Amino acid sequence: MPAGEKPPAGPLEAPVEVAPALPLLDGEPARLAIEEVPGIGRLRARALRKLGLATAADLLARLPRRFIDRSRIVPIAEAPIGEEVTLVGTVRTASRPPPPVRRGRRSPPHSVEVEDGSGRLRCVWFQGARYHTFEAGDVIALSGRVEIYRGRRQVSHPEYEHLSDAETVRAGLLHTGTVVPLYGSSAEMKERGLGSRGFRRLMRDALTRSLSSVGTQLPGGGEARQGLMGLGQALQDAHFPADLGAAERARRRLAFEELFLLQRELERRRRQLAGRPGRAIPASRELVPRLLASIPFEPTAAQLRVIDEIGADMARPRPMRRLLHGDVGSGKTLVALCAALAAVESGCQTALMAPTEILAEQHFHTLRRLASPAGVEGIVLLKGGQRAVVRRELLTGIASGAVRIAVGTHALIEEGVCFARLGLAVVDEQHRFGVAQRTRLSAKGEGIDLLIMTATPIPRSLAMTLYGDLAVSVIDEMPPGRQAVRTVRRDPSHRERIHAFLVDQVAEGRQAYVVYPVIEESERSDLNSARAGFEELARGPLKELRLELLHGRLSADDKTGIMSRFAEGEIDVLVATTVIEVGVDVPNAAVMVVEHAERFGLAQLHQLRGRVGRGASAAYCILVDHASGEDDAGARARLHSLCETMDGFELARKDLELRGPGEVMGTRQAGMPELRVAHLLRDEDLLEPARAEARIAIDEEGEGGEECP
Ligand code: ADP
Ligand code: MG
């Protein structure tokens, strides 16, 4: 594709495009630049922009991190010691901050006496004294934890608010005496007067000014249909609620709006695509039945079902956009091959793209092995680093149509690769690809069918937000005879026993992987590198075994050579980096040892574990946790969940809880839209109704003859 030319919009890039632009609020006033919001000068605007707040809507969407309930005001004398309370009192003597001290010296604490008729109390500040000045007679409301210091009541660093008269106590309490929102703030914001207090004031001003112009984007009657409060009310309550319940109800209303806007965008794209012409590739009558009859195993019911689903979709005269989802080891390759054969049978070509050379190579061999009994020829492998003559020959074959199935890495989407009649593009392990790459592949043909495959288990809620515009097929069944992979977490002190176990397993005819997070020891890192690990094992504990080291910096030929020798059983233990993370399929491998497991994400570990347990024999995954002495609760929780369950969906949910949606099981690359308010677990029940409203909205758009942007 010529530089500068925009690839045709496809659904694959959709999530990412939605991501940064996704507004919680839409419409004119919400898009007001942050600089234009009254009360925000240039410097404040700059500080806010650094936090990603570029518009009025961004500002309003920045909900409080948490609230403190200060709605109950108690007399000083009755304030329970050690508890957070709110008090209202009068300042007894004027208090000016102490004079500045020389650099590096600590300034003395600064304090003020407050009384309320029932008793007295000292407020003390150890830092930032200069910000707290009082005149005698000032009435302030303050919140904090009351302590006894040298026999007197005292509060350190209270939150407080100057009250002008008794009326304020009831009416406009902003910082205390009510449910008070707490916003996180950066050092720079504090400098610009936007610490917690300043930010609250700014927020209240912004709300007061913009509430009248904020309107929902839901279709007419939507709020009533869904029993939702007004958006303005929700914004008000989300920031300055009467109580905590009101805050949560308001947040849910905003979450609904946000999910609606997201679903509306996805629905719009889905319909645009559905309107595009594509090629009808009829279901295979010959090749697929022949293939299924010739493979050495019975397809599972789930495989057969998705093969049918995909076939039916390809037969429609529209471009297919389908996500094939199946946990690690569920047998997606066979399904992809069936789709490819349907294309071949109707005279079309197929491109199958994999994220690593090792995987592309493996697919190439698997496809050839499975397809040749069915009489299918013309399967080639295209990858980087091939000799020029070889490459030229491959490209000629692809361009002439002699090549029926081109398997490859990113090499497939390079410029010189032109297909004669591409009918189907398959992307394996799609989460490993950048959005642009996937788009480039689907741009290799007109209106082609697209099948993207993933083992990244996504909870339904996430799938709906990520892939709301794709049809989804799920393989929810494992081939028979698979055993659970026994997963354990071990301290490095267990390594001797682990090595002995490897020796035993090899003696029983099994093979194993030992995976390290990095290739070479670097000065900065104390990680045992794959190379150092390999040398240590080869010298000592595993010296009787056939060991090989595999990492990404080896030449393509070396990698291929090692992988095929491992597949042939000529190597007992493969010491590797994460080059083997996805896709690799050697059924005789029964043990996966992961060194520095604490450094890996849940998705990676799940994938790595998926390399074993592919045959019928017992399989083991040993997670060596080098951080076990340290205080790394996150890592501990990850490893624990992994030991608890084999179920990818379950793990994805755990991940969602542990890390939040942006990080879930490798979805960051897949372009998870950034949700500001909605929480995919807590607000899962809102997705369906939000989508229903999105459909209505798009229906109405269509009727109004409005152009899609
Ligand atoms: P993934 O879904 O992780 O890509 P693969 O397609 O690599 O899984 O399949 C995993 C292994 O299971 C392969 O060795 C494959 O040959 C085998 N396999 C696939 N389907 C079946 C089946 N129905 N019965 C038995 N083995 C199967
Ligand atoms: Mg696979």
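**Cores, strands and ring pairs in a predicted model**

In this predicted model, Gln362 is buried, with a relative accessible area of 16%; the cut-off for that word is under 20%. Gln362 is placed in helix 13, which spans residues 357–371. Beyond its neighbours within four places in sequence, Gln362 is in contact with Gly583, Val584 and Asp585.

We can turn next to the nonpolar interior. In soluble globular proteins, nonpolar side chains tend to be buried together. Here the largest nonpolar core holds 75 residues, and the members that touch the most others are Ile40, Leu48, Leu59, Phe199, Leu254, Leu382 and Phe419. The element that gives the most to this core is helix 9 (residues 244–274), with nine residues. A second core, separate from that one, has 44 residues, among them Met320, Leu341, Ala342 and Met453.

Two members of the largest core deserve a closer look. Phe419, with residues up to four places away in sequence left out of the count, touches Gln349, Thr350, Ala351, Ile398, Ala406, Leu412 and Lys444. Phe199 has a charged partner: the charged end of Arg62 sits over the ring of Phe199, 5.0 Å from the ring centre.

Leu324 offers another view of the interior. This residue lies in strand 9 (residues 321–326) and, at 0% relative accessibility, counts as buried. If neighbours within four places in sequence are set aside, the residues in contact with Leu324 are Val306, Lys332, Val335, Leu451, Ile452, Met453, Thr454, Ser473 and Ile475. One of these, Met453, also belongs to the second core. In sequence, Leu324 and Asp428 are 104 residues apart, yet their C-alpha atoms are 9.4 Å apart in space.

How do strands 17, 20 and 21 fit together? Strand 17 pairs with strand 20 in the parallel sense, over five bridges, and strand 20 is joined to strand 21 (residues 619–624) by five bridges, again running parallel. Particular residues can be followed across these pairings: Tyr513 has Met592 of strand 20 as its bridge partner, while Val594 is matched with Leu623 of strand 21. In a regular strand the side chains alternate between the two faces of the sheet. Seven of the seven residues of strand 20 (residues 589–595) are buried, so this strand is largely enclosed by the rest of the structure. Together with helix 20 (residues 602–609), strand 20 and strand 21 make a right-handed β-α-β unit.

Aromatic rings complete the picture. A pair of aromatic rings is described by the distance of the centres and the angle of the planes. How many aromatic pairs does a search of the whole structure find? The search finds three. One of them joins Trp125 and Phe134, which are stacked, with 5.7 Å centre to centre and 25° between the planes. Both partners are buried: Trp125 has a relative accessible area of 2%, and Phe134 has one of 1%.

Another pair brings back a residue from strand 17. Tyr513 and Phe566 form a tilted pair, at 5.1 Å centre to centre and with 55° between the planes. Why can this pair be said to tie together parts of the chain? Tyr513 lies in strand 17 (residues 511–515) and Phe566 in helix 19 (residues 556–567), so the pair links parts that are 53 residues apart in sequence. Tyr513 is buried, at a relative accessible area of 0%, and Phe566 also counts as buried, at 0% relative accessibility.

Key: Residues numbered from 1 in each chain as written. Chains lettered and ligands numbered in written order. Predicted model: local features only at pLDDT ≥ 70, side-chain atom pairs only at ≥ 80, totals over all residues. Heavy atoms only, no water. Phe/Tyr/Trp six-rings, centres within 6.5 Å; stacked < 30°, edge-to-face > 60°. Buried < 20%, exposed > 50% of the residue type's maximum accessible area, 1.4 Å probe, protein only. Helix = DSSP H or I, 4+ residues; strand = E, 2+ residues; numbered from the N terminus. Lys NZ or Arg CZ within 6 Å of the ring centre and 35° of its normal. Contact = heavy atoms within 4.5 Å. Core = buried A, V, L, I, M, F, W, Y, C linked by side-chain atoms within 4.5 Å. Pairing = 2+ DSSP bridges. Right-handed = clockwise from strand over helix to strand, strands pointing away.
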